[in-house]
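Please open the model in your viewer and keep the selection panel at hand. The stops below go from one selection to the next.

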Amino acid sequence: MDVPDRVIAKVVLGTTSFIFILLTLWINSYPFIDEDSSFYSLVPDPKWFLLFCGTWGLFFIGGLMSFTLYHMFMYQ
């Protein structure tokens, strides 16, 4: 079964948009959730998500830098 590129692009765009909106609402609304609310215990602290994103970004940029330096000095 061959899936057209247009369908894959719509799925990727929809998924990415949904995750972005969900995380933006989570991070922006967390300070306004009342600590006495039962909903407060269900929502994790956003610092863990921000820590995950920072760590992933560090590894991603570090990997790109290592790849670039390896290929730069390999041809000198």
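Does Trp-56 count as buried or exposed? Select Trp-56 in this predicted model, and the answer is that it counts as exposed, because its relative accessibility is 53% and the exposed class begins over 50%.

Add Phe-60 to the selection, a residue that counts as partly exposed at 43% relative accessibility. The ring centres of Trp-56 and Phe-60 lie 5.2 Å apart with the planes at 5°, so this pair is stacked. Both residues belong to helix 3, where a spacing of four residues separates them by about one helical turn.

The structure holds two aromatic pairs, and for the other one you should select Trp-26 together with Phe-49, whose ring centres are 5.7 Å apart and whose planes stand at 50°, so the pair is tilted. Colouring by helix is helpful here, because Trp-26 lies in helix 1 (residues 5-29) while Phe-49 lies in helix 3 (residues 46-74), so that the pair ties together parts 23 residues apart in sequence.

Stay with Trp-26, which is buried, with a relative accessible area of 19%, a value that falls in the buried class because that class is defined as under 20%. Leaving aside residues up to four places away in sequence, Trp-26 touches Val-43, Pro-44, Asp-45, Pro-46 and Phe-49.

For the last stop, select Leu-23, Trp-26, Tyr-30, Ile-33 and Val-43, the five residues that form the largest nonpolar core. In soluble globular proteins, nonpolar side chains tend to be buried together. Within this core, Val-43 is also one of the residues that Trp-26 touches.

Note on methods: Residues are numbered from 1 along each chain as its sequence is written. This is a predicted model: local features need pLDDT of at least 70, side-chain atom pairs count only at pLDDT 80 or more; totals for chains, interfaces and linings use all residues. Side-chain values use heavy atoms; hydrogens and water are left out. A nonpolar core is a set of buried Ala, Val, Leu, Ile, Met, Phe, Trp, Tyr and Cys residues joined through side-chain atoms within 4.5 Å. Buried means under 20% relative accessible area, exposed over 50%, partly exposed in between (1.4 Å probe, protein chains only). Contact means heavy atoms within 4.5 Å. Rings of Phe, Tyr and Trp (its six-membered ring) pair if their centres lie within 6.5 Å; planes under 30 degrees apart count as stacked, over 60 as edge-to-face and the rest as tilted. Helices (H or I, at least four residues) and strands (E, at least two) are DSSP runs, numbered from the N terminus.
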